[in-house]
Amino acid sequence: MRVTAPRVHPASEALLNLLYPPHCVVCERPGAWLCSGCLALRTPLPAPLCPHCGRPMPTTRLCRRCRTDRSQLVAMRSVGAYTTPLREAIYALKYGGMRVLAQPLAALLAEYWQSMTIAVDVIVPVPLHIRRQRYRGYNQAELLARAMAECVGLPVERHGIVRHRDTRSQVGLDIAERHANMQGAFECIGAALNGARVLLIDDVLTTGATLEAAAEAARAGGAADVWALTLSRAPDPP
């Protein structure tokens, strides 16, 4: 399958460029919101990776956590490490209101997904709680999922999983606390995912607690397989 760039209405793009000329959010070079030079600097995760969680490992065997923990996911993968330029671009998309970055970042997700050579039926963004989404104005995972879906020609199911519990921030929590914090945070609504092979999309993977909780909800809703793909992978907390 050939990856195509998501379409932007020419009039909207021209107006945006006129009012606010594009410049790279990383190096501030004019011409694009995320320039090709900075994109070339992204750091891939060093191989070999744990076959399940995608954590860099000295061997190709499952890491110690994946050997002992029961997972609802077939596997988790990330485009690159949480370093420049992905770190700055994700921050600008997530907290800076730079929704336009969803398109170049989604193109990275689409390219990486094709290299995985896995078959899925539907893309599902990891949802925000309604209060957090109203405060931010959008869900960055949904923007990424919609733009990626347009690239690869897959449907997006926005409402199959809902976040019915407003969890505290994961920042500052250790691995056990993160998993406890996310336990039961999501719920599958309706039968949209029943029998489907699901690809979860999010921006950052740290311990996988959020993705595991979302996958558990998808499985409860009848999903056949659940994969997870994120833009970046951050180091495990202490």
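**Close-up views of a predicted model**

**View 1. E88 and its salt-bridge partner R87.** E88 is partly exposed, with a relative accessible area of 26%. The model shown in this and the following views is a predicted one. The side chain of E88 meets that of R87 in a salt bridge, with a nitrogen-to-oxygen distance of 3.5 Å. R87, for its part, has a relative accessibility of 35% and therefore counts as partly exposed, the limits of that class being 20% and 50%. This pair belongs to a total of nine salt bridges that a search of the whole structure finds.

**View 2. The buried residues of helix 4 and what covers them.** In helix 4, which spans residues 86-95, the buried residues are L86, A89, I90, A92, L93 and K94. Which elements cover these residues of helix 4? The cover includes strand 1, strand 5 and strand 6 (225-233), together with helix 5 (102-116), helix 6 and helix 7. Beyond the helix, the chain continues to G97, a residue that follows helix 4 and whose phi is positive, near 75°.

**View 3. The lining of the largest pocket.** The largest pocket of the model has a volume of about 710 Å³. Its lining is made up of 32 residues, of which K94, Y95, Q170, D203 and V204 are the closest to the centre of the pocket. K94 thus appears here as a lining residue, having already been listed among the buried residues of helix 4. At least two lining residues come from each of helix 4, helix 6 (130-136), helix 7 (140-152), helix 8 (175-182), strand 5 (197-205) and helix 9 (209-220). Sorted by class, the lining consists of 15 nonpolar, nine polar and eight charged residues.

**View 4. R77, a buried arginine without a salt bridge.** R77 is placed in strand 1, which runs over residues 75-81. How far away is the nearest side chain of opposite charge? That side chain belongs to E212 and is 11 Å away, and R77, although buried, has no salt bridge. When neighbours within four places in sequence are left aside, the residues in contact with R77 are C50, P51, H52, C53 and G54, then Y112 and M116, and finally A228, L229 and T230.

**View 5. E142 and its two arginine partners, R146 and R158.** E142 and R146 both lie in helix 7, where they are four residues apart, about one turn of the helix. An α-helix has 3.6 residues a turn, so residues three or four places apart point the same way. The side chains of R146 and E142 meet in a salt bridge with an N to O distance of 3.7 Å. A salt bridge also joins the side chains of E142 and R158, in this case at 2.7 Å from N to O. Since E142 lies in helix 7 whereas R158 lies in the loop between helix 7 and strand 3 (161-163), this pair ties together parts that are 16 residues apart in sequence. E142 is buried, at a relative accessible area of 11%, while R146 is partly exposed at 46% and R158 is partly exposed at 41%. Elsewhere in the model, R55, R65 and D236 are joined into one network by salt bridges that share partners.

**View 6. N181 in helix 8.** N181 has its place in helix 8. Is N181 buried or exposed? With a relative accessible area of 10%, N181 is buried, because that value falls under the 20% limit. Apart from neighbours within four places in sequence, N181 is in contact with R165, T167, R168, S169, Q170 and L173. One of these contacts, Q170, is also listed among the residues closest to the centre of the largest pocket.

**View 7. Two loop residues, L41 and P21.** L41 lies in the loop between helix 2 (36-39) and helix 3 (64-68), and its relative accessibility of 56% places it among the exposed residues. Although L41 and T84 are 43 residues apart in sequence, their C-alpha atoms are 7.2 Å apart in space. Leaving aside neighbours within four places in sequence, L41 is in contact with T84 and P85. P21 has its place in the loop between helix 1 (10-19) and helix 2, and is partly exposed, with a relative accessible area of 49%. The C-alpha atoms of P21 and T83 are separated by 26 Å, the two residues being 62 residues apart along the chain.

Notes:
Residues are numbered from 1 along each chain as its sequence is written. This is a predicted model: local features need pLDDT of at least 70, side-chain atom pairs count only at pLDDT 80 or more; totals for chains, interfaces and linings use all residues. Side-chain values use heavy atoms; hydrogens and water are left out. On a 1 Å grid over the protein atoms alone, a cavity is a set of points where a 1.4 Å probe fits but cannot get out, and a pocket is an open set with protein on both sides within 12 Å along at least five of seven lines; lining residues have an atom within 4 Å of a point. Grid points are joined across faces, edges and corners, and a volume is the space filled by probe spheres set on the points. Ala, Val, Leu, Ile, Met, Phe, Trp, Tyr, Cys and Pro count as nonpolar, Asp, Glu, Lys and Arg as charged, and the others, Gly among them, as polar. Buried means under 20% relative accessible area, exposed over 50%, partly exposed in between (1.4 Å probe, protein chains only). Lys and Arg count as positive and Asp and Glu as negative; His and the chain ends are not counted. A salt bridge is a side-chain nitrogen of Lys or Arg within 4 Å of a carboxyl oxygen of Asp or Glu. Contact means heavy atoms within 4.5 Å.
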